[in-house]
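I opened this entry to record, in order, what I looked up in the model and what I found there.

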Amino acid sequence: MTFTYIFSGFAVGTLVGLTGVGGGSLMTPLLTLIFGVSPTVAVGTDLAFASLTKATGTFTHRLRGTVEWHVVRLLCYGALPAAIVATLGLHYFGTLNKEIGQVIRYSIASSVLLTVVALLFKSKMLAWLNAHPEKQLHGKKLAAATIISGALLGVLVTVSSIGAGAIGATLLVMLYPRMPSAHIAGTDIAYAVPLTAIAALGHWWLGSIDWVLLGSLLVGSLPGITLGSMAAKAVPEKILRALLAMTLTIVAAKLVL
């Protein structure tokens with residue numbers, strides 16, 4: 001079982017490094033559906049896993065110049081306070097009931113599918129934006145939309161561990177359609193480091209982290225995310241976009257099913 005955890009960590013880590021998504025969206029369903037880990041422990045353990053693996057990926061993306069730091073700062077302005085408030089809410093109200101959790105999962109799946117559409121039709125979307133520049137946000141409106149998006153992500157990630165990569169990539173594509181795919185991956189990973197770290201600390205406080213399981217996942221994931229991050233900029237834009245779209249489609253299917 002330990003080897004299986006290590007291999008799973010390597011596979012998910014490689015996907016996270018390449019695309020910026022796949023951590024919570026793949027790891028949490030993997031832990032609950034295949035390995036039988038309780039949902040609460042799966043969420044807490046995955047958040048701790050994500051904070052450490054994404055820190056490794058951020059370092060690699062920084063070396064390769066594929067992180068837009070001004071966007072990272074704006075996302076964190078909204079995400080970090082929201083994560084703290086959501087943690088206090090979980091402590092006060094307890095875990096989400098099944099019905100509310102299902103609504104959140106369907107909402108995330110819908111947003112992920114929107115990302116797939118945006119990626120597959122990115123060139124047409126850019127042509128439309130060039131023809132209608134008034135439709136694209138700029139300046140203070142873009143900054144405000146980025147901060148609000150960060151706050152939404154902070155809540156989603158804290159309660160479900162899903163959203164830091166999948167929804168983050170969606171919002172980056174929508175808000176910054178001219179950002180290259182490798183930069184989307186790097187920026188998406190970088191802002192998620194402090195977010196998942198704060199959320200993981202909250203779940204540690206709540207007592208929902210399996211440290212032995214976390215160690216096994218990290219053994220495989222750290223080399224995986226390093227390899228994926230190094231390859232992200234070398235992979236042609238069209239191939240990376242197709243890989244990202246395919247990964248997100250699988251994520252959406254897992255969320256629904």
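Before reading the fold I fixed the term: helices (H or I, at least four residues) and strands (E, at least two) are DSSP runs, numbered from the N terminus. I note that this is a predicted model, in which local features need pLDDT of at least 70 and side-chain atom pairs count only at pLDDT 80 or more, while totals for chains, interfaces and linings use all residues. Residues are numbered from 1 along each chain as its sequence is written, and side-chain values use heavy atoms, with hydrogens and water left out.

**Overall fold.** I read the protein chain along its sequence and obtained the pattern α-α-α-α-α-α-α-α-α-α-α, that is, 11 helices and 0 strands. I then looked up burial, where buried means under 20% relative accessible area, exposed over 50% and partly exposed in between (1.4 Å probe, protein chains only); of the 257 residues in the protein chain, 53% are buried. For contacts, meaning heavy atoms within 4.5 Å, I found that 85% of those with a separation of 6 or more join residues 24 or more positions apart.

**Helix α9.** I turned next to α9, which runs over residues 181-206 and has 26 residues. From first C-alpha to last it reaches 36 Å, close to the 38 Å expected at 1.5 Å a residue, the expected span being 1.5 Å times one less than the number of residues. I noted a bend of about 35° at Ala192, with a proline, Pro194, following within four residues; the bend is the angle between axes fitted to the seven residues ending at a position and the seven starting there. Of the 26 residues in α9, 19 are buried, and the helix is thus mostly covered. Just after α9, I recorded a positive phi of about 80° at Gly207.

**Nonpolar core.** Which residues touch the most other members of the largest nonpolar core? I took such a core as a set of buried Ala, Val, Leu, Ile, Met, Phe, Trp, Tyr and Cys residues joined through side-chain atoms within 4.5 Å. Among its 47 residues, I found that Met27, Leu31, Phe49, Tyr176, Tyr191 and Leu217 touch the most other members. Several helices each supply at least two residues of this core, including α1 (2-19), α2 (23-34) and α10 (211-232), and α9 gives the most, with 8 residues. I followed Leu31 outward and, leaving aside neighbours within four places in sequence, listed its contacts as Gly36, Val37, Ala42, Leu213 and Leu217.

**Gly224 and Thr14.** I placed Gly224 in helix α10 and Thr14 in helix α1. Gly224 counts as buried because its relative accessibility is 0%, and Thr14 also counts as buried, at 18%. Neighbours within four places again set aside, Gly224 is in contact with Phe10, Gly13 and Thr14, while Thr14 is in contact with Gly224, Ile225 and Gly228. The side chain of Thr14 reaches the backbone oxygen of Gly224 at 3.4 Å. I also checked Gly17, which is 207 residues from Gly224 along the chain, and found their C-alpha atoms separated by 7.5 Å.

**Tyr77.** Is Tyr77 buried or exposed? I found Tyr77 in helix α4, and this residue counts as exposed because its relative accessibility is 54%. I last looked up Tyr77 and Ser149, which are 72 residues apart in sequence and 10.0 Å apart in space, C-alpha to C-alpha.

Conventions. Polar contact = N/O pair within 3.5 Å; in protein donor to acceptor, adjacent residues only side chain to side chain.
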